[in-house]
Amino acid sequence: LSEEFQVSILDCNMYSNEELSAKLKEENPFFVGVSFRNVDGANSLEKGNFLRGYKEIVGVVRSATSAHLCIGGSGFSIFPKYFMEETGADFGIVGEGELSLKELIEKLDRGEDFTSIEGLILPGEDKPKLPHIKHVSSLDVHFEDDLVDYYWKYSGMINIQTKRGCPYNCVYCSYPVIDGRKLRTLDPDKIVSDIKYLRETKNINYFFFTDSVFNIGNEFNLELAEKLVKENLKIRWGAYFSPKNLPEEHLKLFKASGLTHIEFGTESLSDEALNAYGKLFTFSDVKQASDLCVKHGVYYAHFLILGGYGET
C-alpha cells in the first residue's frame, strides 16, 4: 500500500479520542480502516466485551470525516454480521486483510465494481460472498518507531508472525475462522531480517511468535531456527506450541536459537476430555513434552479449559 498511497497509522491504545479526531481532520483521508483485535478480554471477572469501545472509536471517525469506513481484524472476523450491524461500517473484511484491503481501496479510487473481492462483507450480509483463495506469502513489514517503543516499554516483547492458518479441528477454537485452515509460512529470511533490525537499532531482545501453533510445518521451523542461530543475535523468544510433534532434537535447536518459554495449548490433562475437544494428542504426550522442557531448561505453561465440552 505504501508505494501507491499515503498511509497513516494511529494506535488507539496510545492516543485519546480527541487526538484521533484531530488527526483525522488534519489528514482528511479518502479511506479509514479500523481493526478489532479481540471481542473481549477473556476475563471471567469482567463479563463485558469491547463493543462499546469499538463503537466509540467508529463514532469519532464518523464525526471527523466522511471517508469510506472499513472494519476488520481477528475479533471482527469471528462475528462479522454482528459488528457490521452494531457499528454501521460501510465495508468489512473477514480473515486475512492485506490483499483484499488494497484491492478495495484501488477499486473505490477508480470507481470500479468491488463485489468480487475475497473476504469482503457489506451491510446486511451474513458472510462474504467469496472466501479467501489468494493468500499472502511474504509480508513486507515496516516497523513504526513509536509503536515499537510503546509495546517494548509496556509489554517487554515484540510480536512477530511466522505462519498463518491452522489445519487442526479443536472444537472451541476460532483460529481457523480467522486465519483459514491452509497453512502458509512466511519468508524466513524476512523474519530474521526484521528481528535483526530491531535488535541492532533498538536493542530489542525478546520476541513472541504469534502463530496459532508454532510447531506445525516443522521443516520451516527448523530452517528459521537455523538462520537465527547463524545470525547469533542473542535473542530470547517464546511461542504457542502443541505438546505433540516436538521431538527432542527440535527442542534443542529451538533452545539454541533463543527459545526461552513455551505456552502449550493443552486444555486438559484427561484423555477423554482431550478427545472431546478434538485434540490429536494424549496426556502421555503432554507429560513427555513437559519433561523435555524441564530437561532442557525451557520455561513452560499449560493452558487449561475448565468445564469445557464433554468434561464431567
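Lys287 is partly exposed in this predicted model, with a relative accessible area of 43%. The residue belongs to helix H12, which covers residues 283-295. Within that setting, the side chain of Lys287 forms a polar contact of 2.9 Å with the side chain of Asp291. For a sense of scale, Lys287 and Pro80 are separated by 207 residues in sequence and by 39 Å in space, taken from C-alpha to C-alpha.

Moving on along the chain, His296 is found in the loop that runs between H12 and strand S11 (299-304). Its relative accessibility is 17%, and because buried means under 20%, His296 counts as buried. Here, too, a polar contact is present: the side chains of His296 and Glu248 are joined at 2.8 Å. Leaving aside residues up to four places away in sequence, His296 touches Glu248, Leu251, Lys252 and Lys255.

The nonpolar interior comes next. The largest nonpolar core holds 33 residues, and the members that touch the most others are Ile195, Phe207, Phe209, Leu228, Trp237, Phe241 and Ile262. Two or more residues of this core come from each of strand S5 (158-160), helix H8 (188-202), strand S8 (206-209), helix H9 (218-231), strand S9 (236-241), helix H10 (248-257), strand S10 (259-267) and H12. Ile262 offers a local view: with residues up to four places away in sequence not counted, its contacts are Ala239, Phe241, Leu246, Leu251, Cys293, Val298, Tyr299, Tyr300 and Ala301. Another core, of 22 residues, lies apart from this one, and Val39, Ala64, Phe83 and Met84 are among its members.

Attention now turns to empty space. Rolling a probe the size of a water molecule over the atoms reveals where such space remains. Two cavities of 30 Å³ or more are counted. The largest cavity contains about 60 Å³ of space, and its lining is made up of Glu96, Glu98, Leu99, Ser100, Glu103, Glu118, His132, Lys134 and Val136. Sorted by class, that lining has five charged, two polar and two nonpolar residues. The second largest cavity contains about 30 Å³, with Thr115, Leu120, Leu122, Glu125 and Lys129 around it. Two of the residues lining the second largest cavity are nonpolar, one is polar and two are charged.

Among the open pockets, the second largest has a volume of about 310 Å³. Its lining comprises 19 residues, of which Val94, Pro131, His132, Val177 and Gly180 are the closest to the centre. Helix H7 (residues 175-179) makes the greatest contribution to this lining, with four residues. By class, the lining of the second largest pocket consists of eight nonpolar, five polar and six charged residues.

Finally, the backbone deserves a look. Most residues other than glycine have a negative phi. Ala42, however, has a positive phi near 55 degrees. This residue sits in the loop between strand S1 (31-35) and helix H2 (51-64), and Ala42 is exposed, with a relative accessible area of 75%. Glu267 also has a positive phi, near 75 degrees. Glu267 is part of strand S10 and counts as buried, at 10% relative accessibility.

Key. Residues are numbered from 1 along each chain as its sequence is written. This is a predicted model: local features need pLDDT of at least 70, side-chain atom pairs count only at pLDDT 80 or more; totals for chains, interfaces and linings use all residues. Side-chain values use heavy atoms; hydrogens and water are left out. Buried means under 20% relative accessible area, exposed over 50%, partly exposed in between (1.4 Å probe, protein chains only). A polar contact is a pair of N or O atoms within 3.5 Å; within protein, one must be able to donate a hydrogen and the other to accept it, and residues adjacent in sequence count only if both atoms are side-chain atoms. On a 1 Å grid over the protein atoms alone, a cavity is a set of points where a 1.4 Å probe fits but cannot get out, and a pocket is an open set with protein on both sides within 12 Å along at least five of seven lines; lining residues have an atom within 4 Å of a point. Grid points are joined across faces, edges and corners, and a volume is the space filled by probe spheres set on the points. Ala, Val, Leu, Ile, Met, Phe, Trp, Tyr, Cys and Pro count as nonpolar, Asp, Glu, Lys and Arg as charged, and the others, Gly among them, as polar. Contact means heavy atoms within 4.5 Å. A nonpolar core is a set of buried Ala, Val, Leu, Ile, Met, Phe, Trp, Tyr and Cys residues joined through side-chain atoms within 4.5 Å.
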